[in-house]
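Q: I'm new to this structure and would like to look closely at one part of it rather than skim everything. Could you pick a spot, stay with it for a while, and then show me how it sits in the rest?

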Amino acid sequence: MSSRLVTYNPLRGLLYREAVRRGAARLPYAPFTVYLDPANACNLRCTFCPQSDWHGGRRGRMAWGTFEHVLPQVAALKPDWLFLFCFGEPLLQDRLGEMVRAAGDAGLRVRIHTNGLLMTGEVAEQLVEAGLAECRFSFDTADRALYERMRNGADFDEATEGIRTLVAARDRLGRPRPEVVLQELVPYEPGASPENTQAYRDLFRGLDVRLRAKFMHSFAGQGRETEFAGQQAEGRSYCSQLYRRIVVNFDGKVHACCLDPFGHNVVGDLLRGDTLAEAWNSPAMQDLRDRTNRGDVSGLAPCDGCEMLARPAHRGSPAKALLARLAWACLAG
(Lines give C-alpha, C1' and ligand atoms only; values in the text may rest on other atoms or scores of the structure.)
Protein backbone atom coordinates (compact mmCIF):
# COMPACT_ATOMS: atom_id res chain seq x y z
CA MET A 1 0.00 0.00 0.00
CA SER A 2 1.32 3.46 -0.93
CA SER A 3 2.24 5.79 1.94
CA ARG A 4 0.58 8.67 0.08
CA LEU A 5 -2.97 9.22 1.27
CA VAL A 6 -5.83 9.70 -1.19
CA THR A 7 -7.50 13.07 -0.71
CA TYR A 8 -9.80 13.20 -3.77
CA ASN A 9 -13.27 12.97 -2.26
CA PRO A 10 -15.11 10.58 -4.62
CA LEU A 11 -12.27 8.06 -4.28
CA ARG A 12 -11.91 8.69 -0.57
CA GLY A 13 -15.56 7.80 -0.08
CA LEU A 14 -15.25 4.54 -2.01
CA LEU A 15 -12.07 3.56 -0.18
CA TYR A 16 -13.72 4.27 3.16
CA ARG A 17 -16.59 1.96 2.29
CA GLU A 18 -14.28 -0.88 1.30
CA ALA A 19 -12.00 -0.34 4.30
CA VAL A 20 -14.97 -0.81 6.61
CA ARG A 21 -16.10 -3.95 4.75
CA ARG A 22 -12.62 -5.43 5.01
CA GLY A 23 -12.05 -4.32 8.57
CA ALA A 24 -8.81 -2.71 7.38
CA ALA A 25 -6.52 -1.29 10.03
CA ARG A 26 -4.25 0.72 7.71
CA LEU A 27 -6.13 3.18 5.52
CA PRO A 28 -5.07 4.45 2.07
CA TYR A 29 -7.12 7.66 2.31
CA ALA A 30 -6.88 10.81 4.41
CA PRO A 31 -9.46 11.61 7.12
CA PHE A 32 -12.67 13.28 6.02
CA THR A 33 -12.65 15.57 9.07
CA VAL A 34 -9.93 16.95 11.31
CA TYR A 35 -10.73 18.37 14.72
CA LEU A 36 -8.36 21.10 15.87
CA ASP A 37 -9.31 22.03 19.42
CA PRO A 38 -8.71 25.73 20.13
CA ALA A 39 -9.66 25.32 23.81
CA ASN A 40 -10.46 22.13 25.68
CA ALA A 41 -11.84 24.05 28.67
CA CYS A 42 -15.52 24.92 29.00
CA ASN A 43 -17.72 27.49 30.72
CA LEU A 44 -20.39 24.89 31.58
CA ARG A 45 -20.59 21.58 33.44
CA CYS A 46 -23.21 19.67 31.46
CA THR A 47 -24.54 16.45 32.91
CA PHE A 48 -23.84 14.45 29.73
CA CYS A 49 -20.26 15.67 29.20
CA PRO A 50 -16.94 14.53 30.73
CA GLN A 51 -16.12 18.21 31.34
CA SER A 52 -18.22 17.85 34.48
CA ASP A 53 -15.79 15.31 35.97
CA TRP A 54 -12.37 16.09 34.49
CA HIS A 55 -10.24 13.88 36.79
CA GLY A 56 -7.47 16.47 36.91
CA GLY A 57 -6.71 16.33 33.18
CA ARG A 58 -4.98 19.22 31.43
CA ARG A 59 -7.09 22.11 30.24
CA GLY A 60 -5.89 24.98 28.10
CA ARG A 61 -6.08 27.10 24.97
CA MET A 62 -4.12 26.28 21.84
CA ALA A 63 -1.08 28.52 21.48
CA TRP A 64 -0.81 30.42 18.21
CA GLY A 65 2.54 28.77 17.48
CA THR A 66 0.95 25.32 17.81
CA PHE A 67 -1.85 26.34 15.48
CA GLU A 68 0.60 27.64 12.87
CA HIS A 69 2.60 24.41 13.11
CA VAL A 70 -0.41 22.13 12.70
CA LEU A 71 -2.48 24.04 10.11
CA PRO A 72 -0.31 23.21 7.03
CA GLN A 73 -0.47 19.52 7.95
CA VAL A 74 -4.26 19.68 8.09
CA ALA A 75 -4.45 21.54 4.78
CA ALA A 76 -2.24 18.93 3.09
CA LEU A 77 -4.82 16.24 3.92
CA LYS A 78 -7.62 18.25 2.23
CA PRO A 79 -10.39 17.22 4.63
CA ASP A 80 -14.02 18.00 3.89
CA TRP A 81 -14.12 19.99 7.11
CA LEU A 82 -11.82 21.48 9.69
CA PHE A 83 -13.70 21.43 12.99
CA LEU A 84 -12.32 24.20 15.22
CA PHE A 85 -13.72 22.64 18.37
CA CYS A 86 -13.79 19.31 20.14
CA PHE A 87 -13.50 18.83 23.89
CA GLY A 88 -14.32 22.37 25.07
CA GLU A 89 -15.98 25.68 24.22
CA PRO A 90 -14.20 27.25 21.23
CA LEU A 91 -15.28 30.80 22.08
CA LEU A 92 -12.90 30.66 25.06
CA GLN A 93 -10.09 30.98 22.49
CA ASP A 94 -9.49 34.73 22.12
CA ARG A 95 -7.83 34.30 18.69
CA LEU A 96 -10.59 32.13 17.24
CA GLY A 97 -11.47 34.63 14.52
CA GLU A 98 -7.84 34.73 13.38
CA MET A 99 -7.74 30.94 13.34
CA VAL A 100 -10.88 30.79 11.20
CA ARG A 101 -9.43 33.29 8.75
CA ALA A 102 -6.06 31.55 8.51
CA ALA A 103 -7.74 28.18 7.94
CA GLY A 104 -9.92 29.65 5.21
CA ASP A 105 -6.85 31.17 3.55
CA ALA A 106 -5.34 27.66 3.59
CA GLY A 107 -8.31 26.37 1.60
CA LEU A 108 -10.19 24.77 4.49
CA ARG A 109 -13.90 24.89 5.24
CA VAL A 110 -14.37 25.63 8.93
CA ARG A 111 -17.11 24.72 11.39
CA ILE A 112 -17.39 25.52 15.06
CA HIS A 113 -19.75 24.06 17.64
CA THR A 114 -20.65 26.29 20.58
CA ASN A 115 -23.08 26.57 23.46
CA GLY A 116 -23.55 30.20 22.38
CA LEU A 117 -23.30 31.84 25.79
CA LEU A 118 -20.15 33.77 24.86
CA MET A 119 -21.48 34.90 21.45
CA THR A 120 -21.29 38.67 21.85
CA GLY A 121 -21.86 41.10 18.99
CA GLU A 122 -18.12 41.65 18.66
CA VAL A 123 -17.32 37.94 18.54
CA ALA A 124 -20.12 37.34 16.03
CA GLU A 125 -18.81 40.03 13.67
CA GLN A 126 -15.27 38.64 13.90
CA LEU A 127 -16.45 35.16 12.93
CA VAL A 128 -18.60 36.39 10.07
CA GLU A 129 -15.84 38.59 8.67
CA ALA A 130 -13.28 35.79 9.06
CA GLY A 131 -15.33 33.63 6.69
CA LEU A 132 -16.65 30.95 9.04
CA ALA A 133 -18.56 28.41 6.93
CA GLU A 134 -20.82 26.95 9.60
CA CYS A 135 -21.68 27.53 13.24
CA ARG A 136 -23.59 24.86 15.14
CA PHE A 137 -25.21 25.73 18.42
CA SER A 138 -25.63 23.04 21.05
CA PHE A 139 -29.10 24.16 22.04
CA ASP A 140 -30.40 20.82 23.20
CA THR A 141 -34.08 21.34 23.88
CA ALA A 142 -36.93 23.84 23.84
CA ASP A 143 -37.80 22.74 27.38
CA ARG A 144 -36.32 25.50 29.55
CA ALA A 145 -36.18 23.43 32.75
CA LEU A 146 -34.57 20.43 31.04
CA TYR A 147 -32.08 22.65 29.20
CA GLU A 148 -30.92 24.38 32.37
CA ARG A 149 -30.76 21.10 34.29
CA MET A 150 -28.60 19.36 31.70
CA ARG A 151 -26.50 22.42 30.86
CA ASN A 152 -25.41 23.21 34.37
CA GLY A 153 -24.44 26.90 34.54
CA ALA A 154 -26.37 27.96 31.42
CA ASP A 155 -29.22 30.41 31.05
CA PHE A 156 -31.89 29.53 28.48
CA ASP A 157 -32.52 33.15 27.43
CA GLU A 158 -28.83 34.03 27.16
CA ALA A 159 -28.27 31.00 24.92
CA THR A 160 -31.09 31.93 22.55
CA GLU A 161 -29.79 35.50 22.48
CA GLY A 162 -26.36 34.23 21.40
CA ILE A 163 -27.97 32.46 18.46
CA ARG A 164 -29.89 35.55 17.41
CA THR A 165 -26.76 37.69 17.80
CA LEU A 166 -24.82 35.66 15.22
CA VAL A 167 -27.73 35.58 12.76
CA ALA A 168 -28.14 39.35 13.13
CA ALA A 169 -24.41 39.99 12.55
CA ARG A 170 -24.37 37.82 9.44
CA ASP A 171 -27.44 39.56 8.03
CA ARG A 172 -26.22 43.04 8.96
CA LEU A 173 -22.90 42.43 7.19
CA GLY A 174 -24.69 41.01 4.16
CA ARG A 175 -22.83 37.70 4.16
CA PRO A 176 -24.26 34.32 3.15
CA ARG A 177 -22.14 32.53 5.76
CA PRO A 178 -21.87 31.12 8.29
CA GLU A 179 -24.77 28.73 7.98
CA VAL A 180 -26.29 28.63 11.44
CA VAL A 181 -27.37 25.18 12.58
CA LEU A 182 -29.26 24.51 15.81
CA GLN A 183 -28.88 21.03 17.26
CA GLU A 184 -31.61 19.46 19.36
CA LEU A 185 -30.91 16.29 21.35
CA VAL A 186 -33.61 13.64 21.47
CA PRO A 187 -33.72 10.28 23.29
CA TYR A 188 -32.46 7.35 21.28
CA GLU A 189 -35.08 5.15 19.61
CA PRO A 190 -33.94 1.91 17.93
CA GLY A 191 -34.82 1.83 14.24
CA ALA A 192 -35.89 5.48 14.15
CA SER A 193 -34.33 8.63 12.73
CA PRO A 194 -33.95 11.65 15.01
CA GLU A 195 -36.50 14.40 14.37
CA ASN A 196 -36.92 17.88 15.79
CA THR A 197 -39.83 18.35 18.15
CA GLN A 198 -42.63 20.75 17.29
CA ALA A 199 -41.75 22.90 20.31
CA TYR A 200 -38.20 23.30 18.98
CA ARG A 201 -39.47 24.31 15.54
CA ASP A 202 -41.86 26.81 17.09
CA LEU A 203 -39.16 28.39 19.26
CA PHE A 204 -37.05 29.35 16.23
CA ARG A 205 -39.78 29.91 13.68
CA GLY A 206 -38.95 32.79 11.31
CA LEU A 207 -35.21 32.74 12.10
CA ASP A 208 -32.88 32.02 9.16
CA VAL A 209 -31.31 28.88 10.62
CA ARG A 210 -31.26 25.15 9.92
CA LEU A 211 -32.59 22.79 12.55
CA ARG A 212 -31.00 19.42 13.23
CA ALA A 213 -31.95 16.62 15.60
CA LYS A 214 -29.40 14.20 17.02
CA PHE A 215 -29.75 11.18 19.24
CA MET A 216 -28.43 11.70 22.73
CA HIS A 217 -25.57 9.48 23.89
CA SER A 218 -23.56 9.10 27.08
CA PHE A 219 -20.22 10.30 25.66
CA ALA A 220 -18.89 6.73 25.59
CA GLY A 221 -20.16 6.08 29.08
CA GLN A 222 -18.34 9.11 30.49
CA GLY A 223 -21.40 11.31 30.98
CA ARG A 224 -24.01 11.18 33.70
CA GLU A 225 -27.20 11.81 31.71
CA THR A 226 -28.16 8.14 31.42
CA GLU A 227 -31.90 8.73 31.83
CA PHE A 228 -32.24 11.05 28.86
CA ALA A 229 -29.67 9.18 26.73
CA GLY A 230 -31.69 5.97 26.85
CA GLN A 231 -30.65 2.38 26.30
CA GLN A 232 -28.62 1.93 23.12
CA ALA A 233 -27.12 -1.57 23.32
CA GLU A 234 -28.43 -3.29 20.18
CA GLY A 235 -25.51 -5.21 18.77
CA ARG A 236 -22.05 -4.50 17.39
CA SER A 237 -20.78 -2.10 14.74
CA TYR A 238 -17.49 -0.74 13.46
CA CYS A 239 -16.22 2.59 14.80
CA SER A 240 -16.89 5.24 12.17
CA GLN A 241 -14.79 7.76 14.13
CA LEU A 242 -11.60 5.77 13.59
CA TYR A 243 -12.30 5.53 9.85
CA ARG A 244 -13.35 9.13 9.22
CA ARG A 245 -11.97 11.58 11.79
CA ILE A 246 -8.97 12.48 13.89
CA VAL A 247 -8.44 14.99 16.69
CA VAL A 248 -5.61 17.41 17.51
CA ASN A 249 -5.92 18.58 21.10
CA PHE A 250 -4.92 22.09 22.20
CA ASP A 251 -1.44 20.83 23.20
CA GLY A 252 -0.63 19.18 19.85
CA LYS A 253 -1.34 15.65 21.02
CA VAL A 254 -3.36 13.59 18.53
CA HIS A 255 -6.35 11.75 20.00
CA ALA A 256 -7.88 8.87 18.08
CA CYS A 257 -11.47 9.90 18.83
CA CYS A 258 -13.58 12.96 19.60
CA LEU A 259 -15.10 11.04 22.54
CA ASP A 260 -11.71 10.69 24.26
CA PRO A 261 -11.04 14.01 26.02
CA PHE A 262 -8.79 12.39 28.63
CA GLY A 263 -6.37 11.01 26.05
CA HIS A 264 -6.72 7.31 26.77
CA ASN A 265 -5.69 6.72 23.14
CA VAL A 266 -3.09 9.25 22.02
CA VAL A 267 -1.77 8.20 18.61
CA GLY A 268 0.74 10.99 17.98
CA ASP A 269 2.28 14.22 19.26
CA LEU A 270 2.74 16.95 16.67
CA LEU A 271 5.02 19.00 18.90
CA ARG A 272 7.42 16.07 19.30
CA GLY A 273 8.09 15.35 15.65
CA ASP A 274 5.10 13.25 14.61
CA THR A 275 2.97 14.33 11.65
CA LEU A 276 -0.80 14.19 11.36
CA ALA A 277 -0.56 11.87 8.35
CA GLU A 278 1.65 9.50 10.35
CA ALA A 279 -0.73 9.56 13.32
CA TRP A 280 -3.64 8.59 11.05
CA ASN A 281 -2.00 5.23 10.36
CA SER A 282 0.22 4.92 13.43
CA PRO A 283 0.59 1.49 15.06
CA ALA A 284 -1.62 2.70 17.93
CA MET A 285 -4.36 3.83 15.55
CA GLN A 286 -4.22 0.60 13.57
CA ASP A 287 -4.48 -1.40 16.78
CA LEU A 288 -7.59 0.54 17.79
CA ARG A 289 -9.25 -0.14 14.44
CA ASP A 290 -8.39 -3.80 14.69
CA ARG A 291 -9.64 -4.19 18.27
CA THR A 292 -12.91 -2.32 17.75
CA ASN A 293 -13.59 -4.31 14.57
CA ARG A 294 -13.16 -7.54 16.52
CA GLY A 295 -15.20 -6.27 19.45
CA ASP A 296 -12.13 -6.70 21.68
CA VAL A 297 -12.73 -3.58 23.77
CA SER A 298 -12.79 -4.95 27.31
CA GLY A 299 -10.66 -2.58 29.39
CA LEU A 300 -10.12 -0.29 26.40
CA ALA A 301 -11.36 3.11 27.52
CA PRO A 302 -13.44 4.85 26.34
CA CYS A 303 -14.39 2.28 23.67
CA ASP A 304 -15.65 -0.22 26.25
CA GLY A 305 -18.51 2.14 27.13
CA CYS A 306 -19.27 3.56 23.69
CA GLU A 307 -22.76 3.35 22.17
CA MET A 308 -21.37 4.03 18.70
CA LEU A 309 -20.14 0.44 18.66
CA ALA A 310 -23.69 -0.78 19.24
CA ARG A 311 -25.70 1.31 16.79
CA PRO A 312 -26.57 -0.39 13.48
CA ALA A 313 -24.43 0.69 10.53
CA HIS A 314 -25.80 1.75 7.13
CA ARG A 315 -24.38 -0.46 4.37
CA GLY A 316 -25.45 1.37 1.20
CA SER A 317 -26.09 0.08 -2.33
CA PRO A 318 -24.57 -3.01 -4.02
CA ALA A 319 -23.44 -0.88 -6.98
CA LYS A 320 -21.34 1.35 -4.76
CA ALA A 321 -19.96 -1.72 -3.04
CA LEU A 322 -18.62 -2.99 -6.38
CA LEU A 323 -17.06 0.38 -7.21
CA ALA A 324 -15.49 0.46 -3.76
CA ARG A 325 -13.85 -2.92 -4.30
CA LEU A 326 -12.47 -1.81 -7.66
CA ALA A 327 -11.10 1.41 -6.17
CA TRP A 328 -9.41 -0.55 -3.39
CA ALA A 329 -7.86 -3.00 -5.86
CA CYS A 330 -6.44 -0.14 -7.93
CA LEU A 331 -5.25 2.16 -5.17
CA ALA A 332 -4.70 0.07 -2.08
CA GLY A 333 -4.25 -3.48 -3.22
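A: **L84 and the sheet around it**

Start with L84: setting aside the residues within four places of it in sequence, its contacts are L36, P38, F67, P90, L96, M99, V100, V110, R111 and I112. Before going on, keep in mind that this is a predicted model. L84 itself belongs to a loop, the one that runs between strand 2 (81-83) and helix 3 (96-105). Being in a loop doesn't put L84 on the outside here: its relative accessible area is 0%, so it counts as buried. One of its contacts is R111. Along the sequence, 27 residues separate L84 and R111, yet from C-alpha to C-alpha they are 6.2 Å apart.

Now step over to T33, which is found in strand 1 (residues 33-36). T33 is buried too, because its relative accessibility is 6% and the cut-off for buried is under 20%. Not counting the residues up to four places away, T33 touches P79, W81, F83, R244, R245 and I246. Two of those, W81 and F83, bring us back to strand 2, which covers 81-83.

Time to see the whole sheet. There are 9 strands in it, it is open, and reading across gives the order 6-5-4-3-2-1-7-8-9, with mixed pairing. Strand 6 and strand 9 (266-269) are the edges, each pairing on one side only. From one strand to the next, the twist averages 25 degrees. You can find strand 1 and strand 2 next to each other in that order, which ties T33's strand to the one just before L84's loop.

Let's walk toward the strand 6 edge. Strand 4 (residues 134-137) and strand 5 run parallel where they pair, and 4 bridges join them. In that pairing, R136 stands opposite V181 in strand 5. On its other side, strand 5 pairs with strand 6 (residues 210-215), again in the parallel sense, over 6 bridges. Here V186 is the residue that faces F215 in strand 6. To get from strand 5 to strand 6, the chain passes through helix 7 (residues 198-203), and this β-α-β crossover is right-handed. Strand 5 is also well tucked in: 7 of its 8 residues (179-186) are buried, so the rest of the structure largely encloses this strand.

The other end has another kind of pairing. Strand 8 (residues 253-255) and strand 9 are antiparallel to each other, with 3 bridges between them. There, V254 stands opposite G268 in strand 9.

A word on the cysteines while we're looking around. A disulfide is a covalent bond between the sulfur atoms of two cysteines. In this model the count is 0 disulfides. Take C42: the closest cysteine sulfur is in C46, 6.0 Å away, so the two are too far apart for a bond. C239 is in no disulfide either, and the nearest cysteine sulfur to it, in C257, lies 5.4 Å away. C239 is buried, with 9% relative accessible area.

For a change of scene, go to R291, placed in helix 11 (residues 283-294). R291 has a relative accessible area of 19%, so it falls under the 20% limit and counts as buried. Leaving out residues up to four places off in sequence, R291 touches D296, V297, S298 and L300. Between helix 11 and helix 12 (318-331) comes a loop, and G295 sits in it. G295 is partly exposed, at 36% relative accessible area. Its C-alpha is separated by 39 Å from that of G104, and 191 residues along the chain lie between the two positions.

Finally, zoom out. Altogether the chain has 12 helices and 9 strands. Its radius of gyration is 20 Å, close to the 20 Å that the globule rule gives for 333 residues, so the chain is as compact as a globular protein of that length. The C-alpha trace spans about 55 × 45 × 45 Å along its principal axes. Of the 333 residues in the chain, 53% are buried, and L84, where we began, is one such buried residue. Among contacts with a separation of 6 or more, 72% link residues 24 or more positions apart. The contact of L84 with R111, 27 residues away in sequence, is an example of such a long link.

Key
Residues are numbered from 1 along each chain as its sequence is written. This is a predicted model: local features need pLDDT of at least 70, side-chain atom pairs count only at pLDDT 80 or more; totals for chains, interfaces and linings use all residues. Side-chain values use heavy atoms; hydrogens and water are left out. Buried means under 20% relative accessible area, exposed over 50%, partly exposed in between (1.4 Å probe, protein chains only). Helices (H or I, at least four residues) and strands (E, at least two) are DSSP runs, numbered from the N terminus. Two strands pair if DSSP finds at least two bridges between them. A crossover is right-handed if, with the strands pointing away from the viewer, the path from the first strand over the helix to the second runs clockwise. A disulfide is a pair of cysteine sulfur atoms within 2.5 Å. Axes are lines fitted to C-alpha atoms, for helices over the stretch in contact, and angles run from 0 to 180 degrees between N-to-C directions. The radius of gyration is taken over C-alpha atoms; the globule rule is 2.2 Å times the number of residues to the power 0.38. Contact means heavy atoms within 4.5 Å.
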